[in-house]
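Here are a few exercises on how helices pack, each with a worked solution. Have the viewer open and try each task before reading on.

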Amino acid sequence: MSKDDKDKNKDFTVSEHLSNDKLKMIQDTYDIYSDEAIEVKRKAAETKPVTDNLKTPEPSPPRKEGKKSKFAYEPIAETKKAGSNKIITDIESIENLNPDLQKNIKRLVNSVTKQEVNKLIDEIEKEKDKFLTKNNSILGKMSNTEKMALERKMAETEVSKEVTEVNLTAILSGLNNLNID
Amino acid sequence: MKQFKTVSIKKTIQTNIGKTKAEKFLKGIDFSDMAAMTENSTASSSVNIYQCALGKLLDGEMEKAINYIIYGLDLDRDSKLLFNLCKNMVFTLSKQVEGNVTELLKNTVNIKNTENLDKDRNIFRNKIKDLEKVVNIETAKLEKLETELFNSRPSFFSVNKLFIPYQFKKKRLKPQIKTIKASINTLTEEMEGYKSELRELEKHTKIEEYLKVLGLTLEICIFPTRFSTQV
């Protein structure tokens, strides 16, 4: 191999130390697969492959024209496009819930449950700042960095009052019907 | 660039509370529930997991709800709904535990303090077993006496069973039967008392357990760096 060729094929993984026979064997194998006309059609939306630094070998001329190989790529018929339904990633009120769940929660919301839920919401509001930051809290003692991280997390994960009511209704129902095995 | 791995809630809980105790909270989700929820739904998976968790809470299956919360938060650490549900549960359960301690000491006769509730629970279970044995023995005695009395009743066709001997027997056996019946009632009442206190105790310890797991989950979500060396 000349020095130019060597430079040209610098980025190949083919070892420079392979004998000529072996190189020829590899080249012949390559020819067979390129003859089988495997074409990859990239859709416009996909990213352009980075080929700037790669030096692809020149494909050898096809052996026979007109012969359709069983390995030839045939594009799959375009599937039916997915509906343009928006994926729900958040729930703002009870109306966004699954209908069965909505029905069960609405059934539970009677005057007694509502009173208990409102009482809990008031307590949550009252103790919002110290419930998690007091020394004997469930999160233990916190450094200043951790307190800031906690504040940030609380701000990021705020939900509507209605969602809190739904949560508390479900939790109280769970406590009242707790299964003890 | 250094890659930071998300701390796995499942592994951290196993490390902190032990594999045996953690097992029941780390079973994951029931895919048939998810399939029912996702049918005709365009919600994201964390929203569906949240809805399934709410459904389990409404059914009284708190353990399963916790399974869903842990699975969902492991899947999507930024899920507001699941995080808030976890937070609300921690708050409600901690209030319940505070209230329960006072109620437990007030409503129960045999629990003097809440320092060693496991020990109290074992004592109650043993007492209930012993009482059940005694009640069974007394019931067998009662049946024997009642059968003896019934079989010695005179009838037109019986030659051996005479009226006067029967009356003597009845006079002897009836007070015994009455005493045994009273004893069985007392023992049954005592047993029911222990059973109801055991139920209260078990409810309290279950809630404490749930609070511990949910508190740990919350801590992992807010301060993952506290646990990054464990995983």
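## Exercise 1: Helix 1 against helix 8

Task: In chain B of this predicted model, find which residues of helix 1 meet which residues of helix 8, then describe how the two helices cross.

Solution, step by step:

1. Start with the contact. On the side of helix 1 of chain B, the residues are B:I9, B:T12, B:I13, B:N16 and B:I17. Their partners in helix 8 of chain B are B:K212, B:V213, B:L216, B:T217, B:I220 and B:C221.
2. Sort these residues by class: seven are nonpolar, three are polar and one is charged.
3. Look at the spacing of the numbers. An α-helix has 3.6 residues a turn, so residues three or four places apart point the same way.
4. Now take the geometry. The axes of helix 1 (residues 9-17) and helix 8 (residues 163-222) of chain B come within 10 Å, and they cross at roughly 130°.
5. Name the arrangement. Angles over 145 degrees would count as roughly antiparallel, and helix 1 and helix 8 of chain B are therefore oblique to each other.
6. Finish with the hand: the crossing of helix 1 and helix 8 of chain B is right-handed.

## Exercise 2: Helix 7 against helix 8

Task: Work out how helix 7 of chain B is oriented relative to helix 8 of chain B, and which classes of residue form their contact.

Solution, step by step:

1. Helix 7 of chain B covers residues 117-151, and its axis lies 8 Å from that of helix 8 of chain B.
2. The two pack at an angle of about 160°, which makes helix 7 of chain B roughly antiparallel to helix 8 of chain B.
3. The crossing of helix 7 of chain B with helix 8 of chain B is left-handed.
4. Their contact has 19 nonpolar, 18 charged and six polar residues.

## Exercise 3: Helix 4 and its chain

Task: Is helix 4 of chain B mostly covered or uncovered, and what follows this helix?

Solution, step by step:

1. Check the length. Helix 4 of chain B (residues 45-58) has 14 residues and spans 20 Å from its first C-alpha to its last, close to the expected 20 Å.
2. Count the burial: 13 of the 14 residues of helix 4 of chain B are buried, so the helix is mostly covered.
3. Move past the end of helix 4 of chain B to B:G60, which has a positive phi near 80°.
4. Step back to the whole chain. Chain B has eight helices and zero strands, and 44% of its 231 residues are buried.
5. Consider contacts in chain B between residues at least 6 apart in sequence: 71% of them join residues at least 24 apart.

Terms used. Residues are numbered from 1 along each chain as its sequence is written. Chains are lettered from A and ligands numbered from 1 in the order in which they are written. This is a predicted model: local features need pLDDT of at least 70, side-chain atom pairs count only at pLDDT 80 or more; totals for chains, interfaces and linings use all residues. Side-chain values use heavy atoms; hydrogens and water are left out. Axes are lines fitted to C-alpha atoms, for helices over the stretch in contact, and angles run from 0 to 180 degrees between N-to-C directions. Helices (H or I, at least four residues) and strands (E, at least two) are DSSP runs, numbered from the N terminus. Angles under 35 degrees count as roughly parallel, over 145 as roughly antiparallel, 65 to 115 as roughly perpendicular and the rest as oblique. A crossing is left-handed if the near helix is turned anticlockwise from the far one by less than a right angle, and right-handed if clockwise. Contact means heavy atoms within 4.5 Å. Ala, Val, Leu, Ile, Met, Phe, Trp, Tyr, Cys and Pro count as nonpolar, Asp, Glu, Lys and Arg as charged, and the others, Gly among them, as polar. The expected span of a helix is 1.5 Å times one less than its number of residues. Buried means under 20% relative accessible area, exposed over 50%, partly exposed in between (1.4 Å probe, protein chains only).
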